[in-house]
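Open the structure in your viewer and keep the sequence panel beside it. The stops below say what to select and what is there.

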Amino acid sequence: MPLPLMRFPGWGDETGDSVNPKASETLNQVALPVVPYDTCKRMDYSWFQVKTSMICCRYTQPDELQSVCQGDSGGPLVCQDTPGGPWEVHASGCGGLKDLTGDDGTISSLDYPSTYSNNPRCQWNIEVPAGKLVNLHFSGFSLEKSQLCMNDKVSLTDSVGSLGTYCSHVAPGDLVSDGNKSHISFSCNEKVVDTGFTLTWRAVDPTQAH
Ligand SMILES: [Ca+2]
């Protein structure tokens with residue numbers, strides 16, 4: 001039986017210029033064949049550890065800019081197992097933006113503490129009750145180390161500005177937002193992965209914060 005074809009719609013870059021990517025003006029889609037696990041797991045084929053839980057879709061040869069990256073990450077993955085069969089929608093990346101409200105919770109990179117996948121783009125908005133502040137505590141943190149965290153990074157902001165951008169293997173110390181909202185984004189490039197991060201967030205009174 002031929003392996004199924006996967007379709008990825010996305011608004012990502014079409015120029016191939018990773019330094020100055022430009023969002024597409026139309027919604028594109030690319031159909032990519034599924035690559036068998038035994039091929040995908042080879043170190044000369046993938047730059048990172050491939051797990052049996054992953055689906056690998058790619059052309060073997062250079063593919064005239066047909067790929068899913070540079071703005072497409074987090075979009076849906078649509079699959080047809082058999083010709084003429086139903087199309088199924090699966091997640092790709094980590095599903096984009098999530099809104100979290102309440103007094104506390106946890107956030108982790110996908111599959112933590114197993115390795116995260118390449119090219120995810122995940123974002124979380126945290127909102128605690130009015131008058132409280134958001135305390136962020138990382139209990140695990142290991143991202144690819146790169147200069148200025150250009151490759152893989154966790155960026156934190158609050159209503160005033162940046163709370164920092166972090167990578168490598170040292171967890172940021174506890175952070176407290178200015179105001180009752182905080183935004184976290186996690187993005188990675190297409191090579192080299194690590195275990196990712198996990199953090200707990202909770203509402204604190206301004207008097208407890210410092
Ligand atoms: Ca990376």
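**Stop 1: a loop**

Select aspartate 13, which sits in the loop between strand 1 (5-10) and strand 2 (28-33). Strands (E, at least two residues) and helices (H or I, at least four residues) are DSSP runs, numbered from the N terminus. This is a predicted model: local features need pLDDT of at least 70, side-chain atom pairs count only at pLDDT 80 or more, and totals for chains, interfaces and linings use all residues. Residues are numbered from 1 along each chain as its sequence is written.

Is aspartate 13 buried or exposed? Aspartate 13 is partly exposed, because 18 other C-beta atoms lie within 10 Å. A residue is buried with 20 or more other C-beta atoms within 10 Å of its own, exposed with 12 or fewer, and partly exposed in between; C-beta atoms are placed from the backbone. Now add serine 24: it is 11 residues from aspartate 13 along the chain, and their C-alpha atoms are 5.7 Å apart.

**Stop 2: the whole chain**

Zoom out and colour by secondary structure. The protein has 1 helix and 13 strands, in the pattern β-β-α-β-β-β-β-β-β-β-β-β-β-β along the sequence. Of its 210 residues, 24% are buried.

**Stop 3: a sheet**

Select strands 6, 13, 8 and 11, which form an open sheet in that order with antiparallel pairing. Two strands pair if DSSP finds at least two bridges between them. Strand 6 (104-108) and strand 11 (175-176) are the edge strands, each pairing on one side only. Between strand 8 and strand 13 there are 9 bridges. To see one bridge, pick phenylalanine 141 and its partner in strand 13, phenylalanine 197.

**Stop 4: the core**

Which residues touch the most other members of the largest nonpolar core? They are Val134, Val154 and Trp201, in a core of 18 residues. Such a core is a set of buried Ala, Val, Leu, Ile, Met, Phe, Trp, Tyr and Cys residues joined through C-beta atoms within 7 Å. Its largest share, 4 residues, comes from strand 8. Select valine 134: leaving out residues up to four places away in sequence, valine 134 touches residues including Ile126, Val176 and Trp201. Contact requires C-beta atoms, placed from the backbone, within 7 Å.

**Stop 5: strand 12**

Finish at histidine 183 in strand 12. Histidine 183 is partly exposed, with 19 other C-beta atoms within 10 Å. Beyond four places in sequence, histidine 183 contacts Gln123, Asn125 and Thr157. Glutamine 123 is 60 residues from histidine 183 in sequence, with a C-alpha to C-alpha distance of 7.3 Å.

Terms used:
Two residues are in contact if their C-beta atoms, placed from the backbone, lie within 7 Å.
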